[in-house]
Amino acid sequence: VPCRPAREGEIPRSAEQLGELAADAGWHTRYTYARGHRVARGGVPGKVVDSLAVRMTHPDGRRAWGVWHDGSFATGGVWTAERIGRATLGQLRALVTGRAEGREAA
């Protein structure tokens, strides 16, 4: 399935919670869904997974994203004037809420 807007029932609860936190803090949030092969070692196609991305944009230009594979958080990242890099789910929650990173929920 090529990348498309996520439908009801395709968004993991932790992704939905992150998007709600971001929206409450003034971020624009989009959810996209795709199904396809993960890239395995050596660049060969691996296991087929459902993939959900939460893409967040703040009016000040900050951007963040999180990706879930088969319902579990897989990776995330941020783009700011100060930083471009990977982020954990806890770091993404802290970024969108402006709070210090706390314990990450499983």
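**Buried, exposed and paired: terms for a predicted model**

Guide: Of the 106 residues in the protein, 33% are buried. A residue counts as buried under 20% relative accessible area, as exposed over 50%, and as partly exposed in between, with a 1.4 Å probe and protein chains only. The model is predicted, and local features need pLDDT of at least 70, side-chain atom pairs count only at pLDDT 80 or more, and totals for chains, interfaces and linings use all residues. Residues are numbered from 1 along each chain as its sequence is written, and side-chain values use heavy atoms, with hydrogens and water left out.

Visitor: How many helices and strands are in the protein?

Guide: The protein has two helices and six strands, arranged along the sequence as β-α-β-β-β-β-β-α. Helices (H or I, at least four residues) and strands (E, at least two) are DSSP runs, numbered from the N terminus.

Visitor: What makes the protein as compact as a globular protein of that length?

Guide: The radius of gyration is 14 Å, and the globule rule gives 13 Å for 106 residues; the two are close, so the protein is as compact as a globular protein of that length. The radius is taken over C-alpha atoms, and the rule is 2.2 Å times the number of residues to the power 0.38. Along the principal axes, the C-alpha trace spans about 40 × 30 × 25 Å.

Visitor: Why is helix H2 called mostly covered?

Guide: Seven of the nine residues of H2 (residues 89-97) are buried. They are Leu-89, Gly-90, Leu-92, Arg-93, Ala-94, Leu-95 and Val-96.

Visitor: What do the buried residues of H2 pack against?

Guide: They pack against helix H1 (13-24), S3, S4 and S5; a contact here means heavy atoms within 4.5 Å. After H2 comes Gly-98, with a positive phi near 80°.

Visitor: What makes the phi of Asp-70 notable?

Guide: Most residues other than glycine have a negative phi. Asp-70 is not a glycine, yet its phi is positive, about 50°. Asp-70 lies in the loop between strand S4 (63-69) and strand S5 (72-79).

Visitor: How do you know that Lys-47 and Asp-70 meet in a salt bridge?

Guide: A salt bridge requires a side-chain nitrogen of Lys or Arg within 4 Å of a carboxyl oxygen of Asp or Glu. The N to O distance for Lys-47 and Asp-70 is 3.4 Å, so the pair meets the rule. The pair links distant parts of the chain, 23 residues apart, with Lys-47 in strand S3 (residues 45-57) and Asp-70 in the loop between S4 and S5.

Visitor: Why is Lys-47 called exposed, and why is Asp-70 called partly exposed?

Guide: Lys-47 has a relative accessibility of 56%, and therefore counts as exposed. Asp-70 has 37%, and therefore counts as partly exposed.

Visitor: What is the count of salt bridges by this rule?

Guide: The count comes to six. Among them, Arg-62 and Asp-60 meet at 2.9 Å, N to O, and Arg-62 is partly exposed at 23% relative accessibility.

Visitor: What makes Glu-20 and Arg-13 a salt bridge?

Guide: Their closest N and O atoms are 3.7 Å apart, so the distance is within the limit. Glu-20, with a relative accessible area of 36%, is partly exposed, and Arg-13 is partly exposed at 46%.

Visitor: Which residues are linked in a network of salt bridges?

Guide: Arg-13, Glu-16 and Glu-20 form this network.
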